[in-house]
Amino acid sequence: MSKIKSAARLMQGNEAVAEGAVAAGVTFFAGYPITPSTEIAEQMALLLPKIGGTFLQMEDEIGAMGAILGASLAGAKVMDATSGPGFSLKQELIGYAACAEIPCVVVNVQRVGPSTGQPTAPAQGDVMQARWGTHGDHPIIVLSPWSVRESFDMAVMAVNYAERFRSPVILLTDEIVGHLRENITLPAPEELDIYPRRLPTKTRTEGYEPYAVGEDLVPNVARFGDGYRIHVTGLLHDETGFPSGSPAVTETMLRRLHEKIDRVGEEIIHVEEHFMEGADYAVVSYGGTARTAYEAVRAARAEGLPVGFLRLQTIWPFANAAVSRLADRVKSLLVAELNYGQLVHEVTRAAHGTPVRPCLKYNMLDFTPQEILAEIRRMCEEGRAS
């Protein structure tokens, strides 16, 4: 584990992701340099050799994803980092990880797309890809930090969730947060709760089956090299790990993949509310844009406008309950995001008829507080007139 000092440090968001991953026990990183995530790979190349870990720069994004899955099956906690087209290239193996239940963390520092787009400019256009990028039915956990310290904390959280649920977890940051520098104090190692790698509860002679599950519906797959017989496949399989053409096995497995995450409900859906006392309207945002939205709401409050703020820290599973509760309290909602309109549709669905206004920007520039404040004023004016 990294020997992190409990002292203030000037740190970049991407550096904090790397520090958090190592603090959570990641000992293997494979990646391919891509703007604006490259500093994560650079920091992992610096940190991992100091703790006996392994850093690999692979020949491409697909190779990097395959490498971390192999290392995870051998028992290592693993992470990869990418952006834009690199995230697209990883989708098939993210689906493989979901089906074979291989713990891994993939960081996507978002930039403008599609294709090569504008590699150095901020965007939040991968929100739906993070959920629906792979084919087939499977759940996914996606976290979105808004600060350097939260980049560290959510890296730890992402590794813990990957290990707890034996699932890929996406840390969906963006160029704003990734390249932001803040003076922060990191927790000491003993202050962190770290989820260990799940290990078999049965020996080889006690009828061990790698994909047999207990009450939490998560299997304890043995590490390769520990002497257990294990079969890992992207085909839908039974408790032995071997493929099955059975409709009943297919239905059971797909339901279990969803339920192992769905059943924990609100525990993994993190949100923050600000300025909600007496609010008749509210702004919803996430990631780097949430920083600007917060300032806009603060300015609106100073003008006497009754506006609150909801920040989504967990993007997927979506915070349906939190948004529904908010929609019941206010007259209308404003969703600020750096894309052509993605999460605004989920907010609209969860709002159950409460008006939802998009506040969108997709010209490679981030928002100014004044731009969001102008939309808040329009929302309030229309609300008073209706």
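Student: Okay, domain bounds come from an automatic or database domain assignment. Which domains give residues to the lining of the largest pocket?

Tutor: Domain 1 (9–191) and domain 2 (271–385) both do, so the pocket lies between them. A pocket here is an open set of points on a 1 Å grid over the protein atoms alone, with room for a 1.4 Å probe and protein on both sides within 12 Å along at least five of seven lines; lining residues have an atom within 4 Å of a point. Keep in mind that this is a predicted model, where local features need pLDDT of at least 70 and side-chain atom pairs pLDDT 80 or more, while totals for chains, interfaces and linings use all residues. Residues are numbered from 1 along each chain as its sequence is written, and side-chain values use heavy atoms, leaving out hydrogens and water.

Student: What's the volume of the largest pocket?

Tutor: About 270 Å³, counted as the space filled by probe spheres set on the points.

Student: And which residues are closest to its centre?

Tutor: R111, V112, G113, P114 and G125, out of 22 that line the largest pocket. Helix α4 (residues 84–89) gives the largest share of that lining, three residues. Helices are DSSP runs of H or I, at least four residues, and strands are runs of E, at least two.

Student: New topic! How many salt bridges are there?

Tutor: The structure holds 23, each one a side-chain nitrogen of Lys or Arg within 4 Å of a carboxyl oxygen of Asp or Glu. In one of them, E267 pairs with R164, with the closest N and O atoms 2.7 Å apart. That pair links distant parts of the chain, 103 residues apart: R164 sits in helix α7 (residues 148–165), E267 in the loop between α9 (247–262) and β9 (271–274).

Student: What about E272, who does its side chain meet?

Tutor: R311, in a salt bridge of 3.1 Å, N to O. E272 is in strand β9 and R311 in strand β11 (residues 307–312), so the bridge ties together parts 39 residues apart in sequence.

Student: Is R311 buried or exposed?

Tutor: R311 is buried, at 0% relative accessible area, whereas E272 is partly exposed at 25%. Buried means under 20%, exposed over 50%, and partly exposed in between (1.4 Å probe, protein chains only).

Student: Which helix do E375 and R378 lie in?

Tutor: Both are in helix α13 (residues 369–385), three residues apart, about one turn of the helix. Their side chains form a salt bridge too, 2.4 Å from N to O. Salt bridges with shared partners join R357, E375, R378 and E382 into one network.
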